[in-house]
Amino acid sequence: MIKRANEMVKEIKEQMRGGKGSVEILHVFQQEELKGKARLCAKISIGPGSSIGLHQHDNEEEIFYIINGKGMVNDNGTLSEVGVGDSIITGNGASHAVENIGDSTLEMMAVILLY
C-alpha cells in the first residue's frame with residue numbers, strides 16, 4: 001500500500017494532554033489501516049514553546065523518534081534534552097511529556113503499540 005502525502009489526515013490539538021500551545025498530528029496511517037497491534041503511526045509537530053503534557057501509557061507503549069528540532073522530555077520523572085536522531089519509548093504504566101525548547105519546529109515520528 002502506498003499512501004500519498006495529500007491523503008494523510010492532519011489534526012491540530014490545542015493544549016494536548018494539558019500541554020501548552022498547539023500540536024499538529026499528521027496521521028501517516030489511521031488505526032483502521034493498520035493490521036498489527038498499533039493505534040497510532042503519525043508525524044507530530046510541536047512549535048517553539050508548545051508541549052504535550054504529562055500522560056501515562058497503560059497496556060501500550062509509545063515510541064518517539066526525533067527528526068527535527070530540540071525538546072525537553074519528562075521520562076517518568078527524569079528530565080532529558082533530546083534532539084535529531086534520539087528516540088524515546090514509554091510504556092507499561094510509565095508517563096512522559098515533551099516540550100519544544102528550540103527555535104524551530106520539533107518534529108517526531110510517533111508509534112503507539114498495544115500490548
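This passage walks through one strand, one of its residues, a set of salt bridges and a tyrosine.

The model is predicted, so local features are reported only at pLDDT of at least 70 and side-chain atom pairs only at pLDDT 80 or more, while totals for chains, interfaces and linings use all residues. Residues are numbered from 1 along each chain as its sequence is written, and side-chain values use heavy atoms, with hydrogens and water left out.

Strand β9 is a good place to start. Strands here are DSSP runs of E with at least two residues, while helices are runs of H or I with at least four, and both are numbered from the N terminus. β9 spans residues 95-100. Five of its six residues are buried, so the strand is largely enclosed by the rest of the structure. "Buried" means under 20% relative accessible area, "exposed" means over 50%, and "partly exposed" is in between (1.4 Å probe, protein chains only).

What does β9 pair with? One partner is strand β4 (residues 51-56), which runs antiparallel to β9 over four bridges. Another is strand β6 (residues 70-75), also antiparallel, this time over five bridges. Two strands count as paired if DSSP finds at least two bridges between them. Looking at single positions, Ile52 has Val98 of β9 as its bridge partner, and Met72 stands opposite Glu99 in β9. As a general point, side chains in a regular strand alternate between the two faces of the sheet.

Asn100 sits in β9 and is buried, at 2% relative accessibility. Setting aside neighbours within four places in sequence, Asn100 is in contact (heavy atoms within 4.5 Å) with Ile46, Gly47, Pro48, Gly49, Ser50, Lys70, Gly71, Thr105 and Leu106. With Gly47 there is some extra detail: a polar atom of the Asn100 side chain lies 3.3 Å from the backbone oxygen of Gly47.

Now for the charged pairs. Side chains of opposite charge can pair when their charged atoms come close. A salt bridge is a side-chain nitrogen of Lys or Arg within 4 Å of a carboxyl oxygen of Asp or Glu, and the whole structure has five of them. One of these joins Glu33 to Lys3, with the closest N and O atoms 2.8 Å apart. That pair links distant parts of the chain, 30 residues apart: Glu33 is in the loop between β2 (22-29) and β3 (38-46), and Lys3 is in the segment before β1 (9-14). Glu33 is partly exposed at 28% relative accessible area, whereas Lys3 is buried at 13%.

Glu60 and Arg39 also meet in a salt bridge, at 2.8 Å from N to O. Glu60 belongs to strand β5 (residues 60-68) and Arg39 to strand β3, so this pair ties together parts 21 residues apart in sequence. Glu60 is buried at 8%, while Arg39 is partly exposed at 31%.

Lys43 and Glu107 form a salt bridge too, at 3.4 Å from N to O. Since Lys43 is in strand β3 and Glu107 in strand β10 (residues 106-114), the parts tied together are 64 residues apart in sequence. Lys43 is partly exposed, at 23% relative accessibility.

Glu107 turns up again beside Tyr65, a residue of strand β5. Not counting residues up to four places away in sequence, Tyr65 touches Gly85, Asp86, Ser87, Glu107, Met108 and Met109. Is Tyr65 buried or partly exposed? With a relative accessible area of 41%, Tyr65 is partly exposed. Its C-alpha atom is separated by 19 Å from that of Asn92, 27 residues apart along the chain.

Definitions and conventions: Polar contact = N/O pair within 3.5 Å; in protein donor to acceptor, adjacent residues only side chain to side chain.
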